[in-house]
Amino acid sequence: MKFTKNAVTLVLACTVFLSVAQDKLTGTFPVRGLSIAAPRKDAVDPFVKFIRDELAPRNVNTLLLRVDYNYEFESHPELRDSIALSKEDVKKIVNECKRHNIRIVPQINLLGHQSWAGDLGNLLEVYPQFDETPHVQMPEEYKWPNPDGLYCKSYCPLHPEVHDVVFAVVDEICDVFETDAFHAGMDEVFYIGDDKCPRCGGRDKAELFAGEVTRIRNHLASKGRELWIWGDRLIDGKATGMGMWEASMNNTYRAVDMIPRDVVICDWHYERADKTAVYFAMKGFRVVTCPWRNPAVGTQQVDDMANFRSTATSEMKENFYGIMQTVWSGPDNFIEGYYGKKKDEKGGSNTAWHCFEAVFDRMNALGRQ
Ligand SMILES: [Zn+2]
């Protein structure tokens, strides 16, 4: 009896020791992420090698992959990019990530970002009836600012057929990436509740935004999956002085009190280490702070996240979910830059790869303390 009790105590002590040791090895935050475009078909192998050689040793555990229509969708082949990843290509990425316990969160931009500069995205190209602002013509030569206020097109969230299409591709991308989390983008939505839209005109923009977030979240939840989005539409751009890009100047910010609390907020701030993570955490959301290309800001954001976690109540601590480095170029450019093959003349040392290294060095240093 005595022996059994001692043995149990020993096992318990070892378990506690091992879990503490493991925790120290793997860093301090639940999410240690990288957000980047999925590779093009001819660049899958170097990308897989980069996961193995660089992401795994740096303790990256979350990979947000901006896929959009770079996949050979079977549910809607008409939406595929002309050259797109096959199932086999995707499985190479999935299997490498599994080996290193990296969770993949695939992204297809929903609601906003349905065009870029002068190019219409695949969804509105194929289904022009989903366009929130069909009266806004795509320009021959795109310039910002422009009289239409065209940054990116949006789809109409109240169109009766749009969700049949987009949920089919969302389900397919989650299936092929074998994941329980999906990122819907939903940043920088300037066209919403347009006066000329027969369905949305005159409606409350915050309610429209919240309605779309909730609808996507509920669809994912019905399949045991969770929704991630960018956080900018949920911050008051006027009161904070953060303006129209990293916050909302069209009143969508009130949606923060209308959406389900299990949506994960990716809170991007690139020029200053704004403390908005506290705002989201206090509202009950898990929040991931996202740097880009300024190493000083990025490391400050890591320190802030550590500080928030160490001083929070137990109720809020786990809402401070971690850090995700964002990369807005393609992976080829990022990998070339990372290995020093390509100088950024304009950026100097303010590049996504410098920031990535600085942010993960800092996170790993904190993890070893
Ligand atoms: Zn509409």
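This is a short talk on the barrel, the salt bridges and a few single residues of one protein model. The model is a predicted one.

I'll start with the fold. 8 strands close into a barrel, and their order around it is 1-2-3-6-7-8-9-10. The pairing is parallel. Averaged over this sheet, neighbouring strands are turned by 25° against each other, with direction ignored.

Where does strand 1 find strand 10? Strand 1 covers residues 31-37 and strand 10 covers residues 320-326, and the two pair in the parallel sense over 5 bridges. If you want a point to look at on screen, take R32, which stands opposite I323 in strand 10.

Two helices that pack on this sheet come next. Helix 2 touches strand 1 and strand 2, and its direction makes about 155° with that of strand 2. Helix 10, residues 295-311, touches strand 9 and strand 10. The angle between the direction of helix 10 and that of strand 10 is about 170°.

Now the salt bridges. The count comes to 27. I will go through three pairs and one network.

The first pair is E357 with R58, where the closest N and O atoms are 3.4 Å apart. What does this pair tie together? E357 sits in helix 13, residues 352-368, while R58 sits in the loop between helix 2 (44-55) and strand 2 (62-66), so the bridge connects parts that are 299 residues apart in sequence. As for exposure, E357 has 30% relative accessibility and therefore counts as partly exposed. R58 has 14%, so R58 counts as buried.

The second pair is D257 and K283, whose side chains meet at 3.0 Å, N to O. D257 is in the loop between helix 8 (243-246) and strand 8 (264-268), and K283 is in the loop between helix 9 (276-282) and strand 9 (287-290), so here the tied parts are 26 residues apart in sequence. D257 is partly exposed, at 48% relative accessibility. K283 is partly exposed as well, with a relative accessible area of 25%.

The third pair is R233 and D232, with the closest N and O atoms 2.6 Å apart. Are these two residues buried or exposed? R233 is buried, and D232 is too.

Then the network. Which residues take part in it? K49, R52, D53, E96 and R99 are linked by salt bridges.

Next, the surface. A nonpolar patch is formed there by W144, M244, W245 and M249. Together these residues have about 360 Å² of accessible area. One of them, W245, is found in helix 8. W245 has 31% relative accessibility, so W245 counts as partly exposed; the cut-off for joining a patch is over 30%.

The last residue on my list is D89, in helix 3, which spans residues 87-99. At 9% relative accessibility, D89 counts as buried. What does D89 touch? Leaving out residues up to four places away in sequence, D89 is in contact with K41, V44 and A84.

To recap: a parallel barrel of 8 strands, 27 salt bridges, and a nonpolar surface patch that includes W245. For anyone opening the model afterwards, the views I used were R32 opposite I323, the bridge from E357 to R58, and D89 with its contacts K41, V44 and A84.

Notes
Residues are numbered from 1 along each chain as its sequence is written. This is a predicted model: local features need pLDDT of at least 70, side-chain atom pairs count only at pLDDT 80 or more; totals for chains, interfaces and linings use all residues. Side-chain values use heavy atoms; hydrogens and water are left out. A salt bridge is a side-chain nitrogen of Lys or Arg within 4 Å of a carboxyl oxygen of Asp or Glu. Helices (H or I, at least four residues) and strands (E, at least two) are DSSP runs, numbered from the N terminus. Buried means under 20% relative accessible area, exposed over 50%, partly exposed in between (1.4 Å probe, protein chains only). Two strands pair if DSSP finds at least two bridges between them. Axes are lines fitted to C-alpha atoms, for helices over the stretch in contact, and angles run from 0 to 180 degrees between N-to-C directions. Contact means heavy atoms within 4.5 Å. Patches are made of residues with over 30% relative accessible area and no salt bridge: like charges are joined within 9 Å, nonpolar side chains (Val, Leu, Ile, Met, Phe, Trp, Tyr) within 5 Å. Accessible areas come from the Shrake-Rupley method with a 1.4 Å probe; for residues, only the protein chains shown count as cover.
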